[in-house]
Amino acid sequence: MKNRSILLLLLLGLGLVACETEFTPDDADLDPEIVVEGFIEAGDEALPPFVLLTRSVPFFSSFDPDEFNNLFVHDAEVVVTDDLNTYSLEEFCVEDIPEPLREAVLALLGINIQPDEELPNFCAYVDTTGTLQGQIGKTYDLSIEVEGKMITASTTIPEPVPLFDIYFQKPTEFSPDSLLELRCSIDDPGGRADYYRYLTEINNEGFVAPFQSATDDAFFDGQSFEFVLSKAESRIDPPGIDTFGLFTLGDTARIKWCTIDEAHYRFWSTLEFNAVSQGPFSSYTIVDTNVEGGIGVWGGYAVRIYESIVE
Amino acid sequence: MRLSPKLVSIIGFLLFWQIGQAQTVTLSGYVKDEATGESLPFANIINKANPTLGTSSNAYGFYSLSLPKGDYDITYSYLGYNDLVQTFSLQENKSFDAELRQGIQLEELLVTAKDEKENVESTEMGTIELPVEKIKAIPALMGEVDVLKTLQLLPGVMSAGEGTSGFYVRGGGPDQNLILLDEAVVYNSGHLLGFFSVFNADAIKNTTLIKGSMPAAYGGRLSSVVDIQMKEGNMKNYSLEGGIGLISTRLTAQGPIVRDKSSFIVSGRRTYGFDLAQPALKGGNLEGTNYYFYDLNTKVNYRFSDKDRLYLSGYFGRDVFVFKQKTRDLFFRLPYGNSTATLRWNHLFNDKLFMNVSAIYNDYDFSLEGGQTDFSVKVFSGVRDYNGKIDFDYYPNPKHNIRFGANYTYHKLTPNIANATSGDDVFSSDLESKFANETAFYLQDDIKVNPWLSTNVGLRFSMFTQLGPYTSPLSGERFEKGDPVTTYTGLEPRASAKVSLSETSSIKAGISYNYQYLHLVSNSASTLPTDIWVPSTELVKPQKGLQYGLGYFKNLFDNKFETSVELYYKDLQNQIDYGESFVDDPAVDVENEFVFGDGWSYGAEFFARKNLGALTGWIGYTLSKTERQFPDIKRGEVYPAKFDRRHDLSVVANYELNDKWQFGGVFVFGTGNTYTPLRSFYLIEQNFQTRYGDRNSARIDDYHRLDLSATWTPKGRSFKGYASSWTFSMYNTYNRLNPFFIYYTAETEDNLAGASGTAVKVAIFPVIPSITWNFKFSTDRKNEK
């Protein structure tokens, strides 16, 4: 659907010689902004609610683990309220956790860590009492007081819409037997706007979002149909066109299928559009945020998780 | 079409006026090329003894000059042709067709003559004629002669980007240029993402650019008119010409159907590079992948009598890109193109009243189809117009040249409509085509008040009605087919004046007010086939533009050099752009993604041109500023427009060494384009994201480039029915890596062990040499030297 990407393909296909030169952009010299990345989930294997607070950084050419440590914003007052109660979130950092538990705790926050490697001192604000649990249909207000600033946001966890009839098959007769595509079906509820986001996980290595993870139902409102879900691929080293998005025979695949509210969707859709819309055929997109006083997202998820062996 | 009562009364008034002016006699006829019988538009017809009482031929080569009874030497002149001086003893009305001889014989050679005084003497401002011979003498990217790229070398006209045929005129957007091919609007003038224009130079006779005050006969756009006329076809002899370049092969055939009465021309052009690669792709994973574009121009005309002539012309052009990949059963097919057809009837009521009636059809369509196994998606968009026009040229006496007419267009504009299928399931966006009526009436008069003052005043009335089927996004009301939804009207006054200071200098001033009812908004550095034309609707108001111009024109050294300085100020209302958080979503009507604001631009243009001698060419320099202000962009603050360019310089030179060798050179310099810079990186899901700063708040490197060309005509000018030539050209001779675009990346390592950011400038046109071979066969042996 990305017309412009096709044009880029055409440009490359024509073999025009592109001469690339790296340069250092002028320093924008603006105050860093506070970035909120907070989620509250309801449903299958719902993660505990958490909020990451970081700072935006000016253009860099290299960034080391120490600088990562400095990204985190400490000593904020983070409060979540629903229609009845107020919950305080407490800051804790990787260094506060006993080493054997670190990986497990981070995995609980949806943070994927390769074992046996050094970590930056990752910090998050979490509900240590365990009483704040996301519920379908509820609205959660977030307020953060930090460095003399007030930051607020609000999100709703919508009704879940499940997938069904999940199976794998060979994409074409020419493709190798070991690579399969995942197919599934959905009954999209009619007469209302639904917003979806999904992540995939292979062999319990942690959920990863694909390049295009979010969609609305403007194109298929109220329809029931079968479709293909691509596997999320590495952003660092994405595979070629022959294997992209395909699952490997014998792996264990899990799909995290979420419904989200409109503002939460706008965040992912603008973020993902911005990520691919650089270059000659488009200009730029400023990522939408539902956070007042900062940037980023405070998002609710209604989660369904499906697990299947690729066969 | 029916004439309105208002129009009939105007005609009646004019005819009455003519009777009152009956003391004079009228010399009228057509100006033509002696060798081919092609009519010569906008040729000058001047009374040698009193040059201020002259006229010029109209778009069809017709002229009418009324003079008191007496003896006259009349000079007929046309750029690139030798002057014809004819002596008349005028006692009664006389008809005379002037046949001018081309100053040179091979088209690649540069023109040697022109009416030297036109610069100073015409009332028009910011109007430039470019016969195609002049365009062919300029070095071209990959040897592909390009009308629109040549226009970019004129002051006040800026290229939309490296190598592209898109352009901006005096701070106006790319949709504000009215591009006409034989009167048909061309909605997308670019092939191959805009790197080449759709106008095949072999089929084109003349190009007129109006960037100053637009005469009332033209409307519907704010910034400029590019009026391109196709050749009519040789009335006297058959000829076959063509060539092979790096990009395309070309072939043009023309000749008489009935000698001196009827002629035809057929001209085609097609790329061939990927066709040659097809055998190599056969059997491979990418079998079936191809890209090509082609153009076909055809025209026939028939002269029924001295008073009636019919023309039928058509243009068909298309780009097709196909990508196929077997192992994933993946395909994309992206065809797009324009078709236009124009039927015109010229009728001469009498030697003072000329009429043209045109019926015009034009269509631009774009589609993109893609799919994988049992999933496929198709997106299509386009514009289709049915257009009827009537225009009168009335020459009551030497002091007036009156034009009036009416224009009606039925528009159908299709936004990006998307359909998808997945197995047996079908999905479609709810968008539908939009429809509109656009009507205009105009009256203009070129008045020679006295020997030192002349004026051109005009008024255009325009009306635009959006029609159903349409569902109002504001009220939810449903309009059925043909129901009027919203109507906009505009009164568009135009005026210009010229004051002669001396034989060789004059001052001109102009003002024009224009409405524009169709819009194209681009999110990219230039215009693309994916960009969509949208009509004015309830949400989208017509664009309005007010332009003031003032100029000083001076010819130097016995008219060998013409120079001018023009100042302009332009005020633009209801400008349209995409919002800052725009996402290209085919399920959403783009008009919901628009934001609205105002703009203005001002500048000074300096121009010096030498038309005579072995060395010819021009220097154009523009100093300008263009700004925009939108409540929803940059928090409502003023920002520079995408095409704000402080300095823009073009130097064009041609040197004719002898009959066999001719050289051309172009140097351009422009202040770097604006772009929206990166403000910061920030972390989401352990990946760095890019966050942008204020719109257009940074500038890319300055642009400059030198192109050179040499044309070798082995037999010189003494061809005997057959001629050929070789053009060697070097684009970007000193290999300046002008950035075409920039991008940023930030990559994080596993476990946030580190990250790296890069900012990259990408240049896509290094030094590019090319060779083009051209040939021509002709049955014409009269003009051999």
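Two strands count as paired here if DSSP finds at least two bridges between them. By that yardstick, strand 4 of chain A and strand 50 of chain B (residues 755–763) make a pair across the two chains, running antiparallel over 2 bridges. One spot to look at is A:Phe63, which sits opposite B:Ala755 of strand 50 of chain B. All of this comes from a predicted model.

The strand pair is a handy way into the contact between the chains, to which chain A gives 82 residues and chain B gives 75 residues. On the chain A side, several elements put in at least two residues each, among them helix 1 (3–13), strand 1 (19–22), strand 2 (34–43), strand 4 (62–63) and helix 2 (65–71). Strand 14 (224–229), helix 4 (262–276) and strand 18 (295–309) of chain A do likewise. Helix 1 of chain A has the largest share of that side, with 8 residues. As for chemistry, the chain A side splits into 48 nonpolar, 21 polar and 13 charged residues.

Turning to chain A by itself, its secondary structure amounts to 4 helices and 18 strands. Of its 311 residues, 37% are buried. Taking the contacts in chain A between residues at least 6 apart in sequence, 70% link residues at least 24 apart. An open sheet of 12 strands runs through chain A in the order 13-12-16-18-2-3-7-6-5-8-9-17, with mixed pairing. Its edges are strand 13 (214–216) and strand 17 (291–292) of chain A, each of which pairs on one side only. Within that order, strand 2 and strand 18 of chain A lie next to each other, and the two pair in the parallel sense over 9 bridges. A:Val35 has A:Ile295, in strand 18 of chain A, as its bridge partner.

The domain assignment cuts chain A into domain 1 (34–156) and domain 2 (159–288 + 301–309). Between the C-alpha centres of these two domains of chain A there are 24 Å. Where they meet, domain 1 of chain A supplies 14 residues and domain 2 of chain A supplies 12 residues. Strand 2 and strand 9 (149–156) of chain A are the elements that give two or more residues to the domain 1 side. Strand 2 of chain A gives the most, 4 residues. That side of domain 1 of chain A breaks down into 5 nonpolar, 6 polar and 3 charged residues. Strand 2 of chain A thus turns up in several places: it supplies residues to the side that touches chain B, pairs with strand 18 of chain A and contributes to the contact between the domains of chain A.

Chain B contains 5 helices and 51 strands. Its radius of gyration is 27 Å, in agreement with the value near 28 Å that a compact globule of 785 residues would have. The C-alpha trace of chain B spans about 95 × 65 × 50 Å along its principal axes. Buried residues account for 52% of the 785 residues in chain B. Among the contacts in chain B with a separation of 6 or more, 65% are between residues 24 or more positions apart.

Chain B, too, is divided into two domains, domain 1 (5–100) and domain 2 (229–778). Their C-alpha centres are 33 Å apart. The contact between them draws 28 residues from domain 1 of chain B and 27 residues from domain 2 of chain B. On the domain 1 side, helix 1 (5–20), strand 1 (24–33) and strand 4 (62–68) of chain B are the elements that give two or more residues. By class, that side of domain 1 of chain B has 12 nonpolar, 15 polar and 1 charged residues.

A couple of local features in chain B are worth a look. Helix 5 of chain B (residues 273–281) is hardly covered, with 0 buried residues among its 9. Just after this helix, B:Gly283 adopts a positive phi of about 85°. Further along the chain, B:Lys307 falls in the loop between strand 21 (290–303) and strand 22 (308–325) of chain B. B:Lys307 counts as partly exposed because it has 14 C-beta neighbours inside 10 Å, where a buried residue would need 20 or more. Leaving aside residues up to four places away in sequence, B:Lys307 touches B:His347 and B:Leu348. B:Thr414, 107 residues from B:Lys307 in sequence, lies 41 Å from it in space, C-alpha to C-alpha.

Definitions and conventions: Residues numbered from 1 in each chain as written. Chains lettered and ligands numbered in written order. Predicted model: local features only at pLDDT ≥ 70, side-chain atom pairs only at ≥ 80, totals over all residues. Contact = placed C-beta atoms within 7 Å. Nonpolar A, V, L, I, M, F, W, Y, C, P; charged D, E, K, R; others polar. Buried ≥ 20, exposed ≤ 12 C-beta atoms within 10 Å, placed from the backbone. Rg over C-alpha atoms; globule rule 2.2 N^0.38 Å. Domains from an automatic or database assignment.
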